[in-house]
Structures are given as C-alpha cells and as structure tokens.
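Dear colleague,

I am handing over the structure below, and I would ask you to look through it before reading on. My notes on what was found in it follow directly after.

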Amino acid sequence: MKTPGFKELALGGLVAGVLVLIGYEALDINEAILFSYIVWFTSFLYGFILLRAGFDYYRIKYSFSLTFISIVIFLYELIVILTGGLGLIQAIAVALTPYLGVSILGSLREKIGNRRTISSSIKTRITLARRIRAVFYQLDSTMWFFMVFGFAYLIVFMLVPILLVLVYSFTPPIGGHWWTNFYNVLRTRQYVNFNPIYAEPLVKQQLPDGSCILVLRGVNYGPVLNSLVVASIVTTVATTIGIIVAYVLARYRSPGHTILIVLAMVPLFNTPFINAYVIKLIWSEAGPISIITRSLTGCSLRIESLAGVIIAQILTFYPIVYMNAYTAFINVDPSTEEQAENLGARGFKVFRSVTLPLALPGIAAGSTLVFVFSLEDLGAPIVFNERYLISYKIYEGIINAQGVISPEVAALGVILLLIALTAFLAIRNYVSMRSYAMISRGGRWNPRIRKPGILGALAIYLGVLPLILFAMLPQVGVILISLGVLKIYPRENKLLFEIPQNPFTYIQQLLSKPEIFKYILNTLIYAGVSVIIAVFLAISVGYSVSRLKVKYIPNILDALATSPLAIPGLVFALGYYIMFTTLGEILPPSISLKISPASIAFEAWVIFIIAFSVRRLPYVVRSVFAGFQQVHESLEETAMNLGASRYKVVFGVILPFIIGYVLSGAMIGFIYMATEVSTSITFGGIRQDQAPLTFYMRQYFTGAAGEGPYLVAAMGTLLILIQLTIVIILVYVFKQRYAFIGV
Amino acid sequence: MTRVTLENISKYYGNVVAVEDVSLKVEKGEFFTILGPSGCGKTTTLRIIAGFEVPDKGKVYFDDEDVTFLKPYKRNTAMVFQNYALWPHMTVYENVAYGLKIKRKELGLTEEEIKKRVEWALELVKLKGFENRYPLQLSGGQQQRVALARALVVQPRVLLLDEPLSNLDAKLRIEMREELKRLQRSLGITTIYVTHDQLEAMSMSDRIAVMNRGRVVQAGTPKELYFKPRSIFVADFLGRSSIYRGLVLEQSGYEVKVQLEDSNLVLKGIALEEKLPPKVAVVIRPEVIKIGEDAEPGDIVVKGILEFAMFTGEKIEGRLRIHNLKLLIYLPGYMDVSVGSELTITIPWRNTVILPIKE
C-alpha cells in the first residue's frame with residue numbers, strides 16, 4: 001500500500017468537518033454537540049493512524065511554513081476548546097485536527113524515541129556520585145551566588161505570585177465547584193458570546209445639523225473572545241504592514257532611505273495613554289481622516305470601542321514586526337536568493353518561495369510579541385473606554401477589589417496567561433529550532449540592495465512613505481499638543497492649530513509644580529533602583545546560563561528570565577496583589593500594615609520596584625547575555641588557568657569587556673520601566689502619593705480642568721526626550737543598531 | 001617540574017564519547033604530544049588536565065597529588081589556546097602580568113619583581129619593547145608569542161598547548177616550531193602539546209600519543225610510531241603508505257610471508273607480534289622502496305606501469321600499477337619519467353610492516 005500523504009490528511013479532515021456540520025443540521029443540539037466531540041476525537045485518532053501507516057512527519061518538522069501552520073492551528077483549537085465554540089467554528093477546528101494530530105503525535109514519538117536511545121547507552125555507565133561531583137565542581141562560590149540569587153528572586157517575585165493567581169482562581173464561589181470560575185469565564189454569555197450584543201460594526205448616524213457621521217465600532221463577542229479577536233486582527237494586520245515596510249526598506253535603496261528607516265521606528269516611542277488619545281483624535285470627526293471621508297462620502301468618520309482599540313494597537317505595534325522583519329530580511333543569505341534567480345525565478349516568486357520562508361522565524365518572533373502586547377494592553381482600552389476586554393476586566397477587578405479580589409478575575413488572568421504563554425512558547429520553540437537559517441556559511445555577504453524601478457518608486461513614495469508618516473502622527477501630535485500648538489476643543493469637536501504665547505508653558509509646569517513633579521521623581525527613582533537590581537539579576541542569570549554545563553538548570557533559569565515577556569502585566573499585578581494580601585494576613589500587624597494593599601499605610605513603592613525589575617528583566621538579560629556570548633570562553637579559561645578565581649574573572653576580566661552590552665541593557669530596561677503601565681496604574685490608585693508617572697497620565701488625560709491632556713502630552717514629550725537620548729547613545733556610543741525591541 | 005598521570009580517563013557529552021579509557025604518563029620535563037584527527041578527543045583530554053572539564057571516570061595526578069577535582073585556578077598549569085585568547089582590552093604588559101598579579105600575595109611579589117619577570121618573559125619570546133601595544137596591533141605570530149609569554153611567566157608546573165601553531169602561515173609555523181622546542185628545552189618544563197599535524201608532532205616531541213575516537217591507539221617515540229605502527233590507523237595517519245590486505249602463509253618469529261588479496265604477489269615482512277591472525281594488512285612506505293633492482297634475500301623485485309606522476313619539487317610522487325595493485329612510490333625530482341612507462345622497483349622486506357586486522 002502507498003504511504004499516506006497530505007492528500008489523505010486533507011480528505012479525512014474535510015470529511016470530519018462536513019460530518020460535524022451535518023450533525024448540527026440533522027440532530028438536535030445536545031446530540032449534535034456530543035456527536036461533534038466524537039468526530040473531533042476520531043479525527044485526532046485519524047492523524048495517529050496516518051502516522052502509523054507511514055505519514056512522513058519530518059515533512060512538517062523540517063518545513064519552515066508547515067510547522068508555523070501547525071502552531072497556528074494548535075492555538076486556534078486550544079481557544080475553540082476553551083471557549084466551547086460550536087457550529088462552523090468547531091467544524092473548521094475538527095477539519096484541521098488530523099494535521100494537528102500528526103504534528104503533535106509525530107513530535108511526541110520522536111521525543112520518546114530520543115529519550116530511549118540516550119538512557120539506554122552511556123548514562124548508565126557513569127556513577128551517580130561522579131555525576132553529582134561533576135556538577136558541584138563547576139559551582140564555586142560565585143556561581144552559587146549567581147544561581148541562588150537568580151533563582152530566588154525569580155521564584156519569589158515571579159513564580160510564586162503567578163502560582164498564587166492559579167491557586168486562587170480555583171477558589172469556588174458560594175455553592176460552586178472548583179471549576180466554577182473557569183466555567184463562568186469561558187462558557188457564560190457575560191464573557192464569551194458567540195451571538196454579539198451590538199452586531200453592526202459600522203453605523204451611520206444623522207446629526208441634528210444635517211451632517212452625518214459614520215461610527216466604526218466592531219462587534220462585541222464578550223471580553224474573552226474580543227481580546228482574542230482584537231489580538232488576532234492586530235497581529236495579522238501589523239505583521240502584513242510590518243513585512244511590506246521591512247521588505248521595501250531592506251531591499252530598495254532610494255533617496256531618503258536612511259531617514260525612512262529611522263522614521264519608521266518613531267511609533268516605538270512609548271507614551272502611554274496620550275498616544276492612543278491622539279490616535280482617537282485623528283480618527284474622530286475633528287481629525288484628518290474625516291476630512292478625507294467627508295470629501296468621499298459626505299460623512300465624517302469616528303472610531304469607537306473595539307475598532308478604536310484595534311486601529312490604535314496596529315499603529316503602535318507594527319514597528320515591532322517591522323524591526324524584526326527588517327533584521328530577518330537583512331540576514332537572509334543573499335546567495336539563496338541569487339540562486340533562485342539564477343534558476344529562473346523572478347520578483348515576487350523569489351520573495352514568496354525563498355526570502356519569506358527563510359525570514360519567517362524572525363518575523364514570527366516579532367508577531368508573537370505583538371500578539372502578547374495586544375492581549376495585555378491597557379492604554380488603548382482605557383482611552384477608548386472599551387470595557388469588554390480581558391485586560392480591562394482584570395484592571396477593574398483589581399481597582400475595585402478593596403482587599404478582596406474576585407476569584408473570577410483570577411480565572412480571567414489565568415486564561416490570559418495561558419493564551420499568551422502558549423503562543424510565546426510555541427513560537428520560541430519554532431524560532432530556536434530554525435535559527436540556523438541565520439548563519440552564514442561563508443562567502444561574500446552583500447545584502448541585495450537595488451534601485452527601485454518606476455513601480456518600486458511608486459510603491460515607496462505613494463505606499464510606504466505615507467504609511468510611515470501616518471504612523472508617526474501620534475508622536476508628532478503628542479509633541480504639538482504639549483507645546484500648545486495643537487489645541488483641542490472637545491465641545492465643538494474641533495482640533496485647531498494656534499501659535500502659543502509660550503510653547504513651554506506645560507513642560508515648565510511639569511517641573512515647577514511639586515504635585516506633578518513628584519510623579520516624575522517617583523518614576524525616576526523606581527526605574528533607577530529596579531534597573532540596578534535587574535542588571536545584577538541579568539549578570540547572574542546570563543553568566544550561569546552561558547557558562548554552566550549542567551543539564552536542565554541553565555535552561556530552566558533561562559526560561560524563567562525570559563518568560564516575563566510573555567506574562568501579561570495584569571497577571572503580575574494580580575499576583576502581587578494576592579501575594580501581598582496573603583503576606584499581610586500572615587505577618588504581624590506592624591509589618592502587614594505596610595505591605596497589605598488593603599491598608600492605608602501600604603507601601604506601594606516596594607511593589608513598583610519589584611514589578612519593574614521582574615517585568616523588564618528580559619530586555620536587560622538579552623543584552624547582557626549577548627555580551628557574554630561575544631566573549632569567547634577561552635578568554636575566561638586563560639584567566640582561571642593563570643590562577644584567577646571565578647569572581648575575579650567575571651568582575652575583573654569579562655565585565656569590563658562587555659560593559660557596553662550591560663549599559664545598553666540597563667538603558668533599554670530603564671525606558672521600559674519608566675513607561676510601565678499595568679502595575680503602575682493598578683497599585684498607583686491605591687497609594688496615589690507614591691504613584692509613578694504613568695498613573696498620573698492615566699488619571700488626567702481626559703482632563704476635567706481642561707489642562708489635563710496638555711500636561712499629559714508634556715509628560716509624553718518628556719518621555720520621548722528620554723527615549724530619544726537613550727536611543728542616540730545606544731546607536732552612536734554603543735553601536736547597537738537593532739537593540740530596541742524584539743524577541 | 002611535574003609528572004602528569006592520567007588514569008583510565010573517560011568523558012562523555014550526552015550520548016557522544018569524547019574520551020574513553022585514556023591512560024597516559026608524561027614524565028618530568030618531557031615534551032609530550034597528543035596527536036589525532038579532529039574530534040578524536042585530544043582537546044578534551046587537554047582540558048581535563050587543565051581542569052576545565054571533569055572526567056566522568058578516572059583520575060588525574062600531578063606527581064602523586066590527585067588533582068581530578070581541583071579547580072582550574074588552583075592547578076598552576078598554563079595553557080596556550082588555539083586562538084591565543086589574549087584580552088583585547090589589556091596591553092601586552094597587562095596580559096602577561098595578569099597571572100603574577102593574581103598570585104602576587106601568594107608568591108610575595110613586589111611590583112618591581114613582577115615587572116622584572118614580565119620583562120624576562122617578553123625577552124624570552126623576543127617581544128621586548130611591545131609592552132604598551134594592544135593585541136589588535138600585533139601580527140598573528142606576535143600575538144602567539146604574547147600568549148606564550150603569558151603562560152611561561154607564571155612558571156607553571158605544566159605547560160599546555162592547544163594547537164598553538166594552527167593559525168599561523170606555513171613559514172611562520174616552521175619558525176615557531178623551532179622556537180617552541182628551544183624554549184621548552186631551555187626551561188625544562190613539562191609540556192603537553194595537542195595537534196592534528198603529524199609533522200609538527202614528529203619534529204618536536206619526545207613522545208607522542210596517537211588518539212582516535214576517544215582512545216589512545218599507540219604511544220611512543222616518533223620513530224617507534226613511524227616505523228613500528230601497531231595499527232593500520234597509525235600507519236595511515238603518520239606519513240604516507242600503501243596498505244594491502246592479505247593472508248598469512250607462514251610466520252617464523254617476527255618474519256612473515258603474506259599472500260596479498262586480489263593478487264598473486266607474495267611479500268615478506270616484519271610483524272610486531274609473534275602470533276598474527278590469518279588476516280593481516282601489509283604496510284609499505286613509499287620512501288623505503290628502491291628504484292631499480294637492488295635486492296637482498298627476502299626482498300622482491302617487481303615491474304609496474306607508472307600510472308600517475310606529480311612533481312612537487314623535491315620529489316616526484318608516483319603511482320605504480322603492478323597487475324591490479326596500486327603502489328605509492330617516490331622518485332627523485334630530477335628524474336625524467338613519463339606516465340605509461342615501465343619501472344622496476346625493489347620492496348625491502350625489513351621495512352615492510354605486517355599488521356593484524358582486527359575485525
């Protein structure tokens with residue numbers, strides 16, 4: 001018999017999918033659901049049978065795009081299972097299951113196989129005592145300190161809080177079971193609603209003065225689905241835009257090229273809240289978009305709620321994909337493209353068949369970050385007042401907690417974490433598996449850059465350039481507002497340019513008014529202290545991970561230090577809230593009054609420093625780790641060989657050598673700490689006098705007094721200035737070209 | 001001066017055998033080389049001696065002291081790495097002085113004494129006057145000397161050299177070979193040298209251990225290894241040779257008569273063991289073959305067709321076809337020969353080695 005291939009795979013999936021659909025037509029609802037689950041399970045088994053019959057799993061494993069597809073399918077099915085989607089949604093999942101089955105079972109089979117061959121042979125020949133002694137041989141006092149410090153800090157301030165959220169989420173409500181919270185969060189209409197509340201995404205409203213307005217809203221499927229839909233759309237669109245911009249900038253050299261590359265990064269300047277607020281203004285009846293739509297349709301355009309969040313996030317996050325994709329395209333070995341052309345492929349065909357698949361891991365890394373960032377984002381939801389998102393629900397849960405958080409909120413946090421972490425780990429695995437694609441195999445390395453033809457030039461100047469400029473508008477707007485050049489008239493729905501008497505009024509106010517300056521000072525102190533902690537952590541973790549030759553331990557430490565990237569900030573906020581409340585109950589009142597979030601004397605600064613140092617650790621670690629990897633191990637071994645102890649080697653020989661990497665990491669960490677939102681605004685509300693800058697921005701951007709937006713914009717400008725200074729130092733002093741953000 | 005002893009050392013990386021059951025004795029003041037193809041475990045063995053790796057089995061002794069689990073910074077070995085591992089952010093002086101400064105208290109050295117010793121070391125490697133340069137300002141050969149000075153200045157118990165010459169160009173390599181040998185002789189320091197270059201190994205070493213697939217296949221003086229290889233691997237790896245399979249016809253003492261496989265030729269040769277298995281290999285080095293007829297009893301004289309010739313300057317490397325055997329021969333460089341011509345040669349039996357084939 002012929003071994004089964006993709007044809008059999010697709011056919012089986014199709015049959016299963018159609019069966020499910022027929023079931024929903026022919027049977028009554030409860031029977032149909034039962035039937036569909038049976039078909040689902042069968043189609044997973046079908047994958048197993050295909051594998052046994054000789055389906056070539058390696059066809060998927062070693063393909064760049066097929067592996068990527070299985071990850072996407074995996075996430076989709078996970079979500080469908082969690083939320084209990086029925087009908088067509090479920091039928092699609094069922095149809096894709098054989099493919100997933102083959103991938104999962106194939107990789108399991110391989111792992112088990114590997115395990116067997118290893119354990120059977122050599123391991124058994126070395127005595128356990130000897131193996132333990134070999135481990136301890138590497139652990140001198142410095143290594144011990146690094147490892148204990150790294151593990152202790154990350155376990156206590158990252159793992160424990162998250163485990164507490166997990167445990168807490170299983171607390172049954174009165175009369176409920178241990179799973180009730182999850183049932184509520186995943187299966188009740190309050191959270192998951194496949195039949196939307198307001199079904200019309202675009203509404204046309206007639207105004208009393210005779211003009212009309214188009215309101216773009218989106219469809220509300222309940223917070224859990226909304227978050228997923230928003231994150232999926234944002235990721236897809238941001239990725240598409242990011243790839244196009246990156247490809248054009250990486251491959252075509254046209255006048256103003258360098259300026260374009262720099263301008264495209266402007267949206268990365270992080271100005272919480274005010275940024276989304278400006279986007280909201282741009283897409284309102286007072287903004288430039290409405291001028292265009294009025295001339296086309298006669299109606300203004302306004303974006304609201306979900307649609308607003310989506311557009312704001314796309315514009316803010318697309319440069320993350322752009323940066324990663326740009327690096328990935330630059331790193332594609334040009335000879336692979338030349339070979340394709342040499343064999344007759346042209347233009348788009350080369351891109352689709354060679355360049356894109358080879359750059360996919362890098363792009364996927366950027367996309368995953370966008371996915372996670374979109375899920376955990378609070379800025380856009382708050383500005384657009386969109387309460388039907390997981391992140392907003394958790395935020396509400398914490399600020400309304402008064403000492404007791406609802407376990408249902410914790411369950412929401414667990415779901416958010418589960419989705420973000422799964423996506424992150426799957427892609428990380430995928431990317432690390434393919435990193436060999438980035439390795440040059442010798443030969444000349446001439447990036448393929450050419451002058452664009454007429455079509456190319458049109459694409460650049462009519463497509464990419466306007467896009468880049470448009471994406472910069474929020475940052476430009478923030479600066480203009482802070483200088484008083486752009487005035488907002490909310491009543492009349494107008495934005496006007498004016499010549500201010502003193503453009504620095506608001507910036508001066510920031511520094512002169514002690515009640516505002518306090519927030520800036522708080523941020524600087526917290527971020528400063530956290531950065532010092534994070535640098536020590538990063539050195540401990542980076543050094544142990546790059547030098548320790550022991551099984552598992554370095555990997556675990558590495559995973560712990562990287563995972564804050566994938567853990568939504570609100571989950572941290574939840575975790576710290578629960579942890580410190582619990583501590584407050586255990587410890588004697590003299591201490592508990594200070595650390596319990598419910599008490600008046602609560603010292604919020606402790607939490608800010610801990611949260612900043614843990615949440616932004618990955619950025620610091622990555623830079624420091626890159627430094628350690630730059631240092632050839634023999635440089636270190638020579639010093640030890642000459643009698644220097646590990647402590648002297650690390651601090652005397654290696655650190656001076658990689659100080660640039662350490663400082664870069666510290667500065668990048670500082671930027672992200674200064675703009676941290678999730679824990680800042682949740683705990684800032686509890687102890688306002690200790691709150692950082694971002695809390696102030698959240699409180700006052702709507703501006704009851706009329707000055708609010710201007711002052712917040714002034715803070716945004718201040719943040720932009722800090723970030724700009726740091727970026728300039730990084731680029732010109734430390735020569736770190738792409739150090740800003742990425743996986 | 002220190003004697004280094006390895007006792008049944010094994011090292012595994014996951015499922016890969018790096019070193020398997022290696023036992024070696026390096027005498028005081030000896031220049032000892034570990035020779036083998038890449039991936040044979042020679043560098044791992046060196047790193048175990050330096051203490052960068054701990055063996056999974058076995059023990060390492062310096063004189064009578066068990067140092068298997070002694071930290072690298074307490075062993076007082078000095079290693080020169082293949083890439084020199086100079087610290088690019090320190091000057092030549094700082095690089096060389098590093099080891100002394102670290103051990104300053106222990107050795108009770110003053111700043112002045114350190115300076116004197118660094119000067120001594122730099123003079124030794126002929127780099128006086130380069131104290132204030134940075135490594136990146138130096139040529140490959142100079143960098144290599146700095147690395148050597150840095151190792152020698154601490155007066156180590158053992159000097160460890162990991163392919164130190166492999167990054168130099170051909171001429172410089174020969175120069176440094178002499179230089180190293182001279183230094184080692186004059187200082188009388190126990191030296192363990194790792195290389196894959198058999199010429200380097202043969203020309204410098206007192207003794208050589210040949211490694212393959214993690215094991216020591218043979219250890220001995222260069223001459224022993226070259227003329228009395230105990231395995232086909234050693235015969236093949238050191239120098240060049242023609243190797244044939246054959247069956248033992250008769251053996252009396254160390255003299256053996258062998259019927260070659262795929263040929264009616266019968267050769268006489270010398271075995272290194274008294275009882276050979278029936279299946280053996282015959283090793284003939286090209287430089288022992290005499291051109292023309294010049295036989296003593298037991299030698300054989302054969303005719304063959306020159307199939308291929310390559311002029312290298314000092315000699316002509318040729319391949320002679322004798323029936324269906326191919327034999328590697330060397331002809332004098334000045335000789336006029338043309339491919340396709342017939343040649344008569346003599347194979348001396350005293351220089352023909354018969355080795356057992358171990359299945």
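To begin with confidence, residues 738–743 of chain A keep a pLDDT under 50, and for this stretch the model has 23 contacts beyond four places in sequence. Please bear in mind throughout that this is a predicted model. Chain A averages a pLDDT of 82, and 93% of its residues score at least 70. A further stretch of chain A, residues 435–444, has a pLDDT below 50, and beyond near neighbours in sequence it has seven contacts in the model.

Turning to the interface, 25 residues of chain A are in contact with 26 residues of chain B. On the chain A side, helix H6 (128–138), helix H27 (633–641) and helix H28 (646–674) each supply at least two of the residues that touch chain B, and the largest share, seven residues, comes from H27(A). By residue type, the side of chain A that touches chain B divides into 13 nonpolar, seven polar and five charged residues.

Within chain A, I would start with helix H2 (residues 29–52), which can be checked for its length. At 1.5 Å a residue, the 24 residues of this helix of chain A should span 34 Å, and because its end C-alpha atoms are 35 Å apart, the expected and modelled lengths agree. The buried residues of H2(A) are A:Ala32, A:Ser36, A:Val39, A:Trp40, A:Ser43, A:Tyr46, A:Gly47, A:Leu50 and A:Leu51. After H2(A) comes A:Gly54, whose phi is positive, near 105°.

Chain A also holds an open sheet of three strands, in the order S1-S2-S3, with mixed pairing. Its edge strands, each pairing on one side only, are strand S1 (202–206) and strand S3 (299–303) of chain A. On average, neighbouring strands of this sheet are turned by 25° against each other, direction ignored. S1(A) pairs with strand S2 (residues 212–216) of chain A in the antiparallel sense, over five bridges, and A:Gln205 stands opposite A:Ile213 in S2(A). Helix H12 (residues 288–297) of chain A lies across S2 and S3 of chain A, and runs at about 140° to S3(A).

Chain B has a secondary structure of nine helices and 20 strands. Its C-alpha atoms fill a box of roughly 75 × 45 × 35 Å, taken along the principal axes. Of the 359 residues of chain B, 37% count as buried, and among the contacts in chain B between residues at least 6 apart in sequence, 64% join residues at least 24 apart.

The part of chain B that I followed in detail is the run of strands S16, S17 and S18. Strand S16 (residues 300–311) of chain B and S17(B) pair in the antiparallel sense over six bridges, and they form a hairpin with three residues between them, where B:Gly313 in the turn has a positive phi of about 105°. S17(B) and S18(B) also run antiparallel, joined by eight bridges, and these two strands form a hairpin with two residues between them. B:Glu317 in S17(B) can be followed in both directions, since B:Met310 stands opposite B:Glu317, while in S18(B) the bridge partner of B:Glu317 is B:Tyr330.

Which backbone angles in chain B might you wish to inspect yourself? I would suggest two residues that have a positive phi although neither is a glycine, namely B:Asp21, at about 50°, and B:His323, at about 55°. B:His323 has its place in the loop between strand S17 (315–322) and strand S18 (325–332) of chain B, in the turn of the hairpin just described. B:Asp21, by contrast, lies in strand S2 (residues 16–26) of chain B. As for burial, B:Asp21 has 14 other C-beta atoms within 10 Å and is therefore partly exposed, and B:His323, with 13 other C-beta atoms within 10 Å, is likewise partly exposed.

With kind regards

Definitions and conventions: Residues are numbered from 1 along each chain as its sequence is written. Chains are lettered from A and ligands numbered from 1 in the order in which they are written. This is a predicted model: local features need pLDDT of at least 70, side-chain atom pairs count only at pLDDT 80 or more; totals for chains, interfaces and linings use all residues. Two residues are in contact if their C-beta atoms, placed from the backbone, lie within 7 Å. Helices (H or I, at least four residues) and strands (E, at least two) are DSSP runs, numbered from the N terminus. Ala, Val, Leu, Ile, Met, Phe, Trp, Tyr, Cys and Pro count as nonpolar, Asp, Glu, Lys and Arg as charged, and the others, Gly among them, as polar. A residue is buried if 20 or more other C-beta atoms lie within 10 Å of its own, exposed if 12 or fewer, and partly exposed in between; C-beta atoms are placed from the backbone. pLDDT is the predictor's confidence in each residue, from 0 to 100. Two strands pair if DSSP finds at least two bridges between them. Axes are lines fitted to C-alpha atoms, for helices over the stretch in contact, and angles run from 0 to 180 degrees between N-to-C directions. The expected span of a helix is 1.5 Å times one less than its number of residues.
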